[in-house]
Amino acid sequence: MLNKILDRIKLPFRKEKELYLSLYQITGFIPHNISYYKTALLHKSVSQRNKKGKLINNERLEFLGDAVLDCVVADIVYNRFPNKREGFLTNTRSKIVKRETLNKVSTEMGINKMLKQNGHTVTHNCNIAGNAFEALVGALYIDHGYNACMIFMRDHVCGCLLSIEKMAYQEMNYKSKLIEWTQKNKVSVTFDEVKTSIDENGNPIFLAQVVIGNVRCEEGKGFTKKESQQNAAKLTYKRIRREPDFVKSILYTIDTEKKTKENVIELQNESINNKL
């Protein structure tokens, strides 16, 4: 407690007080060693060399922060849901630490604006915002320890920016859900890559379409193939859940095609038998 008071007293006299203040507002802790945080905010596109000629960027801290986040979030989820089983806890943790969530949190906290990067780098395409968030957690862990990371995630992230309860009961992987539905109904599903285009910044845009049996369903766009498939699966799965007629039309079409193929095969067999 005394150290925290002393850190606050020293804050106005710091050489880089604006950076110290920004980091304090984000994490709730005043940095002891500012160099860790500077490295966390240094993207590989603008890597620097230290006195020994070694490249310095935030990738190592990102690696560390990723591991720390897994542990801290598991701790939070374990204590928040004392009566839930392992599968539920694992799924909830995955929703919190997934890249999409970390990108959102990092952007809302303004971490992405503090990040030093090449001007041609596009954050939404490379998940740079989420990576920087992990790197910042890594820096906080080295500088203040595990408990500081726990307080940061519990009070500043999960307590303000995210609703753990809402995320816990929210379906996340629509592609997996859709595959489960097709397996249950004994129909096949594929994710076709319709086309790839380039946006105004030169980033690839992928367009995927869900095909159940031979029925072409919803399309989805994304900056990666995985994202486009997930978006297409999400739209298709939501229609399946909300529109009974949509499900009937899919199953009817598949059943009709199946019967047509069976009839064709039967006619072919009859033709062969007649020739014999």
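**View 1. Phe152 in helix α10 of the predicted model.** Here we're zoomed in on Phe152, which sits in the helix running over residues 146–157. With a relative accessible area of just 2%, under the 20% cut-off, Phe152 counts as buried. Look past its neighbours within four places in sequence and you'll find Phe152 in contact with Ile26, Thr27, Met109, Phe133, Val137, Leu140 and Val157. Take Thr27: it lies 125 residues from Phe152 in sequence, yet the two C-alphas are 5.6 Å apart in space.

**View 2. Helix α4 packed against helix α9.** Two of the Phe152 contacts, Phe133 and Val137, turn up again here on the α9 side of this helix pair. The axes of α4 (residues 59–80) and α9 (residues 128–144) are 7 Å apart and make an angle of about 80 degrees, so the helices are roughly perpendicular to each other. From α4 come Leu61, Glu62, Leu64, Gly65, Asp66, Val68 and Leu69, and they meet Asn131, Phe133, Glu134, Ala135, Val137, Gly138, Ala139, Tyr141 and Ile142 of α9. Sorted by class, the residues of this contact are 10 nonpolar, three polar and three charged.

**View 3. The second largest pocket, with a volume of about 330 Å³.** Helix α4 is back, and with four residues it gives the most to the lining. α3 (34–40) and β2 (55–56) also supply at least two residues each. The full lining reads Ser35, Tyr36, Thr39, Lys54, Leu55, Ile56, Asn57, Glu59, Arg60, Leu61, Leu64 and Ile142. Leu61, Leu64 and Ile142 may look familiar: besides lining this pocket, they take part in the contact of α4 with α9. By class, the lining has six nonpolar, three polar and three charged residues.

Technical notes:
Residues numbered from 1 in each chain as written. Predicted model: local features only at pLDDT ≥ 70, side-chain atom pairs only at ≥ 80, totals over all residues. Heavy atoms only, no water. Axes fitted to C-alpha atoms, helices over the stretch in contact; angles between N-to-C directions. Parallel < 35°, antiparallel > 145°, perpendicular 65-115°, else oblique. Contact = heavy atoms within 4.5 Å. Nonpolar A, V, L, I, M, F, W, Y, C, P; charged D, E, K, R; others polar. Buried < 20%, exposed > 50% of the residue type's maximum accessible area, 1.4 Å probe, protein only. 1 Å grid on protein atoms, 1.4 Å probe; cavity = no way out; pocket = protein on both sides within 12 Å on 5 of 7 lines; lining within 4 Å. Points joined across faces, edges and corners; volume = space filled by probe spheres on them.
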